[in-house]
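Student: Please pick one part of this protein and take me through it closely. I'd like to hear first how far the coordinates can be trusted, and then how that part fits with the rest.

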Amino acid sequence: MPGNLVSATLRRGLYTRVVGKRILFFQELGSTMDEAARQAAAGAAQGTVVVAEIQRASRGRLGHSWVSQPGNLYLSVLLYPAIPDLPYLNSLGGVAVARAISKTIGRPARLKWPNDVLLAGKKAAGILVESAINGDSVRHAIIGIGINVSLDTNNIEELSSFATSLNAVAEREVPRGELLGHLLHQLDALYLQLRGGQTPLAEWQGLLDTLGQRVRVSWQDESYIGLAEGVDSTGNLQLRLDNGRLVTLTAGDVTLQLASAVS
């Protein structure tokens, strides 16, 4: 069983103002998201972080499952943002993860709209944001993050074609304590900036590999094909359809679309 990576992070030194002032570590949990929600209901402080070695019921965006094995990084961060800041938590998480990975392994990380983090063109991490709103205020918001550190995707047929891990890309064993420390520092810095009125949207947009690509976006029972022209002021995707109409999409699964445009 891998050691307590939170202890390894704290030994390296953690100097944050909000995120990570309280960290809870579990060898096994159903879901760090669910535990963070329980912590919120119990009145836990903003910035509480829940870390688990294994999740029995991990989940990703749109109800997708997330492969959870020891040796990777699974955490959720509890926040109490203002309503205007809520739309930026997904982009904040993406920028923080990309920065932390790049700082840890010295390789550039990119993003696929809306919440995948890519290394060498394959998914290395995912982000999930869930919130509870009461009227015109946020009861709580939770940023969930899963990073493939040691996951051997070659042994998982359904993942091998599109997923990778930090160890595979770096060709070495990446220290998770260092990665977690970088991630908490980046989340803390970006959240403090957001509360001060500075959003991460420009940096997030600059990291998006999706933009400029012809893509298919699937959402519920609908599917849209077109050119990903950009994102709007809150991070929604602006897709130019083949008939020239511009649609704004708030969520969906994105895949590259190689078919030629309709003339």
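Tutor: Happy to! Among the elements of the protein, helix α3 (residues 89-105) has the highest mean pLDDT, 98, and helix α4 (residues 157-160) the lowest, 66; pLDDT is the predictor's confidence in each residue, from 0 to 100. This is a predicted model, in which local features need pLDDT of at least 70 and side-chain atom pairs count only at pLDDT 80 or more, while totals for chains, interfaces and linings use all residues. Residues are numbered from 1 along each chain as its sequence is written, and side-chain values use heavy atoms, with hydrogens and water left out. The protein averages a pLDDT of 91, and 91% of the residues score at least 70. Over residues 259-263, pLDDT stays under 50. Where pLDDT is low, the predicted coordinates should not be read in detail.

For the close look, let's take strand β5 (residues 116-119). Strands here are DSSP runs of E, at least two residues, and helices are runs of H or I, at least four, numbered from the N terminus. Asp 116 and Leu 118 point one way from β5, Val 117 and Leu 119 point the other way, and all are buried, meaning under 20% relative accessible area with a 1.4 Å probe and protein chains only (exposed is over 50%, partly exposed in between).

β5 has partners to describe in turn, where two strands pair if DSSP finds at least two bridges between them. With strand β4 (residues 110-112), the pairing is antiparallel over three bridges. Here Leu 118 of β5 faces Arg 110, and a hairpin of three residues links β4 to β5. With strand β6 (residues 122-134), β5 again pairs in the antiparallel sense, over four bridges. Asp 116 has Gly 126 of β6 opposite. Two residues lie between the strands in the hairpin of β5 and β6, where Ala 120 takes a positive phi near 50°.

As for the rest, the largest nonpolar core has 64 residues, of which Leu 75, Ile 101, Ile 147 and Leu 183 touch the most other members; such a core is a set of buried Ala, Val, Leu, Ile, Met, Phe, Trp, Tyr and Cys residues joined through side-chain atoms within 4.5 Å. Leaving aside neighbours within four places in sequence, Leu 183 is in contact (heavy atoms within 4.5 Å) with Leu 73, Leu 75, Ala 96, Val 97, Ala 100, Ile 145 and Ile 147. Apart from this core lies another, of eleven residues, including Ala 40, Ala 52, Leu 78 and Leu 128.
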